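Student: Hey, I've got a protein open on my screen and no clue where to begin. Can you walk me through it?

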Amino acid sequence: MKIFKIIAINFLILVGVLIFSEIAIFNMAEKEYMEMSAKYVPLDEIEPLKYSLKVYPAKEYFFYLLNREKRKPEGVEINKKPIVLFGCSFTYGSALHDNQTFSHKLYELTKRPIYNQAIPSLGIQHMYVQLCDENFYKSIPQEPEYIIYTLIDFQVHRLYEYSHFLWDKHLNLRYYPNKFDKNQNLVERKPFLPIYLNGLYTLKYLEHLNAARMIEPDKIKQNEDFMFTLFEQSMKQARKHYPNTKFVLIAFDIDANELDKYNDMFSRLKNIGYTVIKNEDVINVDYSDVKYNVSENDCHPSELYWNLFTPKFVEKLKLK
């Protein structure tokens, strides 16, 4: 009888600690949510953050978001080999109108079909999951001449994120670095708790701490291997449908030379057929100059940057 009493007391203590933790972390998430939302929306128009444990599965939510939010393809009626773009908000063109983006500038200069498959806050895994999807090839039946991925340093963290923000109502897509199923596809890493507990703010916070730990300097080799696997597997998936498509990686330094720590991976990618191009080698400008960013508080590329970068990039790849 005594043992059951001890178990019950410890259980109640655990529940109490969890409730306290949920209240504290939710309040922290609410503050961050309001501060970020206020950058884009007047305070009186911000929807209040409501506490909920419900979160949407990563893969299903990603495809829902992609179909709803991605930029419309341009030039699909043109009888030339397309260009497909993957990446995050830099490729998508956050804070830019359709006609100000990298993808639109490519369309204007090359007069080719351009498919911008990027969505803000994505990573390499989101290129991979699209290239594993048969619907992707139905939507782009003509073999692209180029598949181009733009890598920024923030994306490494996203390989491990459970959720991008604490207040997100969906999970981030994650894979195990070296775990394959019977069809030799990477295995998705899913939460270990029952689905009705996946939205715990305590869990999301602990996962955020773990994701931060995974990008410490002593993890560079591990992260290089993980990224290389995703790039390599993405190429293998695409080559099943597009055997002649060429792959390009734009290594986009926000701070000068910040991606140099991954030079070993870039060399390995070149060995399997990737063309690796650093943005600094296309146009030699000081990206810290605010005129190349959309605003003083937002480091996304401005239209001015793409106006300078895109013609030189087109020339470098002989895309005209």
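Tutor: Sure, we'll start with the whole chain, then go through some helix pairs and a few loop residues.

Student: Okay, what kind of model is this?

Tutor: It's a predicted model, so keep that in mind as we go.

Student: How many helices and strands are in the chain?

Tutor: The chain has 12 helices and 9 strands.

Student: And what does the chain span along its principal axes?

Tutor: The C-alpha trace covers about 80 × 50 × 40 Å along those axes.

Student: How does the radius of gyration fit with a compact globule?

Tutor: It agrees: a compact globule of 320 residues would have a radius of gyration near 20 Å, and this chain has 22 Å.

Student: What share of the residues is buried?

Tutor: Buried residues account for 49% of the 320 in the chain. In case you're wondering about the cut-off, buried means under 20% relative accessible area.

Student: What about contacts between residues far along the chain?

Tutor: Take the contacts between residues at least 6 apart in sequence: 77% of them join residues at least 24 apart.

Student: Cool. Now helices. How do H9 and H10 sit against each other?

Tutor: H9 is residues 220-239 and H10 is residues 263-271; their axes come within 9 Å and cross at roughly 25°. Angles under 35 degrees count as roughly parallel, so H9 is roughly parallel to H10.

Student: Is that crossing left-handed or right-handed?

Tutor: The crossing of H9 and H10 is right-handed.

Student: Which residues meet there?

Tutor: From H9 you have Glu224, Asp225, Met227, Phe228 and Phe231, and they meet Asn263, Asp264, Met265, Arg268 and Leu269 of H10. Sorted by class, the residues of that contact are 5 nonpolar, 1 polar and 4 charged.

Student: What about H5 and H9?

Tutor: H5, residues 124-131, packs with H9 at an angle of about 20°, and their axes are 9 Å apart. H5 and H9 are therefore roughly parallel to each other. Their crossing is left-handed.

Student: Which residues make that contact?

Tutor: On the H5 side, Ile124, Gln125, Met127, Tyr128 and Leu131; on the H9 side, Met227, Leu230, Phe231, Gln233, Ser234, Gln237 and Ala238. The classes here are 8 nonpolar, 4 polar and no charged residues. If you look back, Met227 and Phe231 of H9 also appear in the contact with H10.

Student: Switching topic: what's up with the phi of Ala95?

Tutor: Ala95 has a positive phi of about 70° although it isn't a glycine.

Student: Where is Ala95, and is it buried or exposed?

Tutor: Ala95 is in the loop between helix H3 (89-92) and helix H4 (102-110). Its relative accessibility is 62%, so Ala95 counts as exposed.

Student: And Ser121?

Tutor: Ser121 isn't a glycine either, and its phi is positive, near 75°. You'll find Ser121 in the loop between strand S2 (114-116) and H5. With a relative accessible area of 25%, Ser121 is partly exposed.

Student: Last one: where is Val290?

Tutor: Val290 is in the loop between helix H11 (279-282) and strand S8 (293-295). Val290 counts as partly exposed, because its relative accessibility is 38%.

Student: What does Val290 touch?

Tutor: Leaving out residues up to four places away in sequence, Val290 touches Ser295 and Glu296.

Student: And how far is Val290 from His300?

Tutor: Their C-alpha atoms are separated by 10.0 Å, and the two residues are 10 residues apart along the chain.

Note on methods. Residues are numbered from 1 along each chain as its sequence is written. This is a predicted model: local features need pLDDT of at least 70, side-chain atom pairs count only at pLDDT 80 or more; totals for chains, interfaces and linings use all residues. Side-chain values use heavy atoms; hydrogens and water are left out. Axes are lines fitted to C-alpha atoms, for helices over the stretch in contact, and angles run from 0 to 180 degrees between N-to-C directions. Helices (H or I, at least four residues) and strands (E, at least two) are DSSP runs, numbered from the N terminus. Angles under 35 degrees count as roughly parallel, over 145 as roughly antiparallel, 65 to 115 as roughly perpendicular and the rest as oblique. A crossing is left-handed if the near helix is turned anticlockwise from the far one by less than a right angle, and right-handed if clockwise. Contact means heavy atoms within 4.5 Å. Ala, Val, Leu, Ile, Met, Phe, Trp, Tyr, Cys and Pro count as nonpolar, Asp, Glu, Lys and Arg as charged, and the others, Gly among them, as polar. Buried means under 20% relative accessible area, exposed over 50%, partly exposed in between (1.4 Å probe, protein chains only). The radius of gyration is taken over C-alpha atoms; the globule rule is 2.2 Å times the number of residues to the power 0.38.
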